[in-house]
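Reader: I have a model open and a few things to ask about the inside of it. Can we go through it piece by piece?

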Amino acid sequence: MNSKLFEYTLRIADDSLILGQRLSELCGHGPILEEDIALTNISLDLIGQATNLLEYAASIENKQRDADKLAFLRVDKEYKNSLLVEQPNGDFGSTIVRQFLFDSFRKPFFEALCNSTDESLAAIAKKSLKETKYHLKHSSEWVIRLGDGTSESHQRVQKSIDVLWRYHGDFFYEDEVDLALVSENIAPSFKEIKQEFHQHVLAVLEEATLKLPDNNWEFTGGRKGMHSEHLGHLLAQMQYMQRAYPNMEW
């Protein structure tokens with residue numbers, strides 16, 4: 001069971017870690033000062049979540065790897081993040097849509113994880129939920145603002161939804177890891193989470209005069225270590241200092 005709990009914790013941690021890294025790339029590049037600060041703060045929140053989860057994962061594994069080693073010294077196939085979070089930032093609308101889809105999943109997920117019989121996961125979920133509620137409010141308001149804004153902003157955000165929606169399937173991927181932990185009430189079932197996710201996404205898109213794409217394209221694989229070409233480039237930057245100067249500490 002420890003190996004499955006380790007794998008499950010990595011999946012949650014890597015989502016936060018990789019999206020936090022993506023958002024950090026925007027520091028100093030926000031469209032307005034307030035939004036530059038907001039995106040940077042969300043990045044810091046996500047890195048904080050990743051740190052807590054990776055520290056717990058390291059304690060489960062018990063192989064003399066701490067949070068830093070798990071974050072910086074794995075190869076791309078060992079990362080278990082969803083495909084969505086590793087996608088490039090693109091324009092501001094694309095960044096917001098990616099964040100919106102992620103937040104729409106993470107809020108009901110953390111709410112359910114708060115009831116985990118694993119006290120450490122439940123505690124991390126409760127702490128992270130406070131931040132995630134703000135993240136969801138922020139990204140939802142921006143989707144509405146851009147979607148129901150100018151014809152240019154509407155067109156760009158709709159294009160981002162058409163491209164990024166195909167990657168949401170990883171959120172609800174289930175295998176023997178999830179099923180085993182669900183049976184022990186450690187992990188929540190995705191059934192109600194998926195329902196709430198879709199309800200929120202559709203409600204916000206309706207208010208934003210946007211729609212989901214008509215096709216049924218769905219790309220998955222991130223949870224099993226199969227990633228897009230974008231993750232390798234991200235890791236090359238994120239891991240450089242630790243690999244160039246092994247065991248360095250701030």
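**Pockets, cavities and a few odd residues**

Author: Before the details, note that this is a predicted model. The second largest pocket holds about 200 Å³ of space.

Reader: Which elements give two or more residues to the lining of that second largest pocket?

Author: Helix H4 (92-113), helix H5 (119-147) and helix H6 (151-164) do. The lining residues are Pro31, Ile32, Asp91, Phe92, Gly93, Trp142, Arg145, Leu146, Ser153, Arg156 and Val157.

Reader: How does the lining of the second largest pocket divide into nonpolar, polar and charged?

Author: Six of its residues are nonpolar, two are polar and three are charged.

Reader: Now the closed spaces. How many cavities of 30 Å³ or more does the structure hold?

Author: Two. The largest cavity has a volume of about 100 Å³, and the second largest has about 40 Å³ of space.

Reader: Start with the largest cavity. Which lining residues lie nearest its centre?

Author: Arg11, Ile12, Phe109, Phe190 and Arg223, out of 13 lining residues.

Reader: Two arginines in there. How many charged residues does the lining of the largest cavity have?

Author: Six are charged, seven are nonpolar and none is polar.

Reader: And which helix gives the most to that lining?

Author: H1 gives the most to the lining of the largest cavity, with four residues. Helix H1 (2-24) and H4 each supply at least two.

Reader: What about the second largest cavity, which classes line that?

Author: Its lining has nine nonpolar residues, with no polar and no charged ones. The residues are Val97, Phe100, Leu101, Val143, Ile161, Trp165, Val201, Leu205 and Leu212.

Reader: Which element has the largest share of the lining there?

Author: H4, with three residues. Helix H8 (190-207), like H4, supplies at least two residues to the lining of the second largest cavity.

Reader: On to packing. Which residues touch the most other members of the largest nonpolar core?

Author: Tyr8, Ile18 and Phe109, in a core of 69 residues. As a general point, nonpolar side chains in soluble globular proteins tend to be buried together.

Reader: What is Tyr8 in contact with, leaving aside its neighbours in sequence?

Author: Beyond four places in sequence, Tyr8 contacts Phe109, Leu113, Leu121, Val177, Asp178, Leu181, Ala187 and Pro188. Phe109 also turns up among the residues nearest the centre of the largest cavity.

Reader: Let me pick Ala57. Buried or exposed?

Author: Ala57 counts as buried because its relative accessibility is 0%. Ala57 sits in helix H2 (residues 33-61). Apart from residues within four places in sequence, Ala57 is in contact with Phe6, Thr9, Leu10 and Leu70.

Reader: How far apart are Ala57 and Glu7, in sequence and in space?

Author: They are 50 residues apart in sequence, and their C-alpha atoms are 8.1 Å apart.

Reader: Changing topic to cysteines. How many disulfides does a search of the whole structure find?

Author: Zero.

Reader: Then what about Cys27 and Cys114, buried or exposed?

Author: Cys27 counts as partly exposed because its relative accessibility is 47%. Cys114, at 14%, counts as buried.

Reader: I also want to check the backbone. Which residue other than glycine has a positive phi?

Author: Gln64 is one of them, with a phi of about 60 degrees. Gln64 is in the loop between H2 and helix H3 (67-72), and with a relative accessible area of 79% Gln64 is exposed. Thr209 is another non-glycine residue with a positive phi, near 60 degrees.

Reader: Where is Thr209 found?

Author: In the loop between H8 and helix H9 (229-238). Thr209 counts as partly exposed, at 43% relative accessibility.

Reader: Last one, Gln239. It is in a loop too, so why does Gln239 count as buried?

Author: Because its relative accessible area is 6%, and the cut-off for buried is under 20%. Gln239 lies in the loop between H9 and helix H10 (240-244).

Reader: What does Gln239 touch, not counting residues up to four places away?

Author: Gln239 touches Ala71, Phe72, Leu73, Arg74 and Tyr79. The C-alpha atoms of Gln239 and Phe72 are separated by 5.0 Å, although the two are 167 residues apart along the chain.

Note on methods. Residues numbered from 1 in each chain as written. Predicted model: local features only at pLDDT ≥ 70, side-chain atom pairs only at ≥ 80, totals over all residues. Heavy atoms only, no water. Core = buried A, V, L, I, M, F, W, Y, C linked by side-chain atoms within 4.5 Å. Buried < 20%, exposed > 50% of the residue type's maximum accessible area, 1.4 Å probe, protein only. Contact = heavy atoms within 4.5 Å. 1 Å grid on protein atoms, 1.4 Å probe; cavity = no way out; pocket = protein on both sides within 12 Å on 5 of 7 lines; lining within 4 Å. Points joined across faces, edges and corners; volume = space filled by probe spheres on them. Nonpolar A, V, L, I, M, F, W, Y, C, P; charged D, E, K, R; others polar. Disulfide = S-S within 2.5 Å.
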